[in-house]
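User: Please take a close look at one part of this model, the salt bridges and the helix packing that goes with them. I would like one connected explanation, with each term explained.

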Amino acid sequence: MNTLASRATAAPAARTPDGKSAAARPEKERRDPRRRVLEAAIACFGRSGFHGTSMQQICAEAGMSPGALYRYFPSKESIIVAIVDEERALRMSCVDMLESAPSFVEGLARMGAALFSGETRMVSLELGPEIYAEAARNPALKPTFDAAEDEMNAAIRACFVDAQARGEIDPAIDPDLAMVMINAIGDGLVLRHGFEPKLPLDKMMPALSGLVARMLAPAPAPTLSPDRTS
């Protein structure tokens with residue numbers, strides 16, 4: 001870290017996606033150097049991946065000297081931890097959509113539409129594979145990542161159990177197994193979004209949620225044959 005700081009006393013001017021210099025960014029953003037670092041890291045991770053991004057590249061993107069950046073974040077891992085921590089509140093706002101929806105499946109559809117339309121911006125959607133892969137192998141990240149996942153899963157599971165009690169979902173379905181399936185579908189959609197960013201997943205939510213509804217629906221009541229008289 002000290003070697004890196006001694007090699008560069010000033011980083012090149014950062015550029016925003018539209019080509020503007022860091023000085024042209026909104027005043028509020030320029031006043032919040034921590035936010036500048038996080039946004040710069042997100043841009044760099046999105047272009048080059050976690051391991052393909054250096055702290056020097058993040059400095060350049062943020063328009064900061066290494067010494068200034070290290071004042072806020074000592075490593076790339078600490079930046080990812082901050083990103084995941086910040087996103088926990090946003091994740092719980094998605095749970096609010098689920099809790100206020102007329103049904104569990106409709107709530108899932110609303111969450112998906114908000115995420116894939118860009119109405120609710122979540123970095124995990126943009127960097128999902130990078131964050132998941134790094135958290136799986138990096139003990140410095142895994143506790144924070146697991147805590148955020150567990151919090152979200154517990155909230156969704158509670159909504160699932162409530163929906164079972166209301167008769168919307170087959171009571172014979174194990175909620176824990178259902179959570180594995182729901183998470184697998186969600187993770188798969190995030191990956192598909194990365195492969196095909198132009199795929200209108202937000203507009204496909206009604207059809208996709210219909211498929212989920214059919215999987216979770218209570219089993220039909222058995223049809224009783226009319227009594228036969230001899």
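Analyst: For two helix axes, angles under 35 degrees count as roughly parallel, over 145 as roughly antiparallel, 65 to 115 as roughly perpendicular and the rest as oblique. The axes are lines fitted to C-alpha atoms, for helices over the stretch in contact, and the angles run from 0 to 180 degrees between N-to-C directions. Helices themselves are DSSP runs (H or I, at least four residues), numbered from the N terminus.

The model is predicted, so local features need pLDDT of at least 70 and side-chain atom pairs count only at pLDDT 80 or more, while totals for chains, interfaces and linings use all residues. Residues are numbered from 1 along each chain as its sequence is written, and side-chain values use heavy atoms, with hydrogens and water left out.

Helix 9 and helix 10 pack at an angle of about 120°, their axes lying 10 Å apart. They are therefore oblique to each other. On the side of helix 9, the contact (heavy atoms within 4.5 Å) is made by Asn-153, Ile-156, Arg-157, Phe-160, Val-161 and Gln-164, and on the side of helix 10 by Pro-175, Asp-176, Ala-178, Met-179, Ile-182 and Asn-183. Sorted by class, this contact of helix 9 with helix 10 has 7 nonpolar, 3 polar and 2 charged residues. Here Ala, Val, Leu, Ile, Met, Phe, Trp, Tyr, Cys and Pro count as nonpolar, Asp, Glu, Lys and Arg as charged, and the others, Gly among them, as polar.

Side chains of opposite charge can pair when their charged atoms come close. A salt bridge is a side-chain nitrogen of Lys or Arg within 4 Å of a carboxyl oxygen of Asp or Glu. By this rule there are 14 salt bridges.

One of them joins Arg-157 to Asp-176, with the closest N and O atoms 2.8 Å apart. Arg-157 lies in helix 9 (residues 142-165) and Asp-176 in helix 10 (residues 175-195), so this pair ties together parts that are 19 residues apart in sequence. Arg-157 is partly exposed at 30% relative accessible area, where buried means under 20%, exposed over 50% and partly exposed in between (1.4 Å probe, protein chains only). Asp-176, at 43%, is also partly exposed.

Another salt bridge links Glu-86 with Arg-35, the closest N and O atoms being 2.3 Å apart. Since Glu-86 belongs to helix 6 (residues 76-100) and Arg-35 to helix 3 (residues 33-48), the pair ties together parts 51 residues apart in sequence. Both residues take part in a network of salt bridges that links Arg-34, Arg-35, Glu-39 and Glu-86.

Technical notes:
Helix = DSSP H or I, 4+ residues; strand = E, 2+ residues; numbered from the N terminus.
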